[in-house]
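Subject: Structure for you to look at

Dear colleague,

Here is the structure I promised to pass on, together with my notes on what turned up when I went through it. Please open it alongside this message, so that you can check each point as you read.

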Amino acid sequence: MQATLFPVISDKALKLPLYLTSIGHSYKEVHVDRPTGYAHFQWLHTVQGSGQLKIGHKTYDLTPGLGVFLHPNVPHQYYQTSEPWITEWFAFNGRSANRIAKDLGFTQSNVYELTQPKDIASLILKGYNLANSNSEHRYLDLTSYIFDTLVQIAKYAH
């Protein structure tokens, strides 16, 4: 079942090193054209079907097991090439986001092959459920979740 969430970002969350800005699980992708990029870091990977991603003058096919790590404000567009194009994704930011991304090897926007795509998809569902919870510590839990998920992506992305 398709699910997306764009949580309200509180002042408390903005003070954390990482905070979630949006998340999508089993998402049927649409055409996205961002000539000035997107304000947050984003991870997106294909679960079913296929799409194409354009960054600058390069075009990438996104098929099952392939994902993309996008840095903020990098112009890009993506769209489906076979139907349905189903993805898992999350976007984040924070005072430490740039440093953590670079320290984990995500120095620029790029496409990656995942050796454990189902594990990463499970993590996205976990993040969606966490973001949708009413826990009083949700923002702290999401900070930990984002870091842990980025570490797992770094382990399995080549």
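The notes below go through the core, the strands, the helices, the aromatic rings and a few backbone details.

Please keep in mind throughout that this is a predicted model.

The core

The largest nonpolar core holds 28 residues, and those with the most contacts inside it are I23, W43, F69, F90, F92 and I146. At least two residues of this core come from each of strand 1 (3-5), strand 2 (19-28), strand 4, strand 7 (76-93), helix 2 (97-103), helix 3 (117-131) and helix 4. Helix 3 gives the most, with six residues. Apart from this core lies another one, of 13 residues, which includes V32, L66, Y78 and W85. As background, nonpolar side chains in soluble globular proteins tend to be buried together.

Strand 6 and its neighbours

Strand 6 is largely enclosed by the rest of the structure, because five of its five residues are buried. From this strand L66, V68 and L70 point one way, whereas G67 and F69 point the other way. Strand 6 pairs with strand 4 in the antiparallel sense over four bridges, and in that pairing H45 has G67 of strand 6 as its bridge partner. Strand 6 also runs antiparallel to strand 8 (residues 110-113), to which four bridges join it, and here F69 stands opposite N110 of strand 8.

F69 deserves a look of its own, and you may wish to display its surroundings. Leaving aside neighbours within four places in sequence, F69 is in contact with F41, Q42, W43, F92, A101, F106, Q108, S109, N110, Y112 and L150.

The hairpin of strands 4 and 5

Strand 4 (residues 41-55) pairs with strand 5 (residues 58-62) in the antiparallel sense, over five bridges, and L53 has Y60 of strand 5 as its bridge partner. Two residues lie between the strands of this hairpin, and G56 takes a positive phi there, near 60°. G56 is exposed, with a relative accessible area of 62%. In space G56 lies 7.0 Å from P75, C-alpha to C-alpha, although the two are 19 residues apart in sequence.

Helices 3 and 4

Helix 4 (residues 138-156) has 19 residues and reaches 26 Å from its first C-alpha to its last, which is close to the 27 Å expected at 1.5 Å a residue. In helix 4 the residues R138, Y139, L142, T143, Y145, I146, T149, L150 and I153 are buried. Seen down the axis of helix 4, the buried residues fall within an arc of 165°, so they line one face of the helix. The spacing can be followed by eye, since an α-helix has 3.6 residues a turn, so residues three or four places apart point the same way.

The 15 residues of helix 3 should span 21 Å at 1.5 Å a residue, and the end C-alpha atoms of this helix are indeed 21 Å apart. Buried in helix 3 are I120, A121, L123, I124, G127, Y128, L130 and A131, and these buried residues pack against strand 1, strand 2, strand 4, strand 7 and helix 4.

Aromatic rings

Ten aromatic pairs were found in a search of the whole structure. In one of them Y27 and W89 meet edge-to-face, with 5.8 Å from centre to centre and 85° between the planes. This pair links distant parts of the chain, with Y27 in strand 2 and W89 in strand 7, 62 residues apart, and both Y27 and W89 are buried. In addition, F41, F69, F90, F92, F106, Y112 and Y145 form one aromatic cluster.

Backbone details to check

A cis peptide bond joins E83 and P84, with omega about -10°, and P84 is found in strand 7. Two residues other than glycine have a positive phi: S26, near 50°, and N73, about 60°. S26 is found in strand 2 and counts as partly exposed at 22% relative accessibility, while N73 lies in the loop between strand 6 (66-70) and strand 7 and counts as exposed at 52% relative accessibility.

With best wishes

Key: Residues numbered from 1 in each chain as written. Predicted model: local features only at pLDDT ≥ 70, side-chain atom pairs only at ≥ 80, totals over all residues. Heavy atoms only, no water. Expected span 1.5 Å × (residues − 1). Buried < 20%, exposed > 50% of the residue type's maximum accessible area, 1.4 Å probe, protein only. Arc of directions from axis to C-beta. Pairing = 2+ DSSP bridges. Core = buried A, V, L, I, M, F, W, Y, C linked by side-chain atoms within 4.5 Å. Contact = heavy atoms within 4.5 Å. Phe/Tyr/Trp six-rings, centres within 6.5 Å; stacked < 30°, edge-to-face > 60°.
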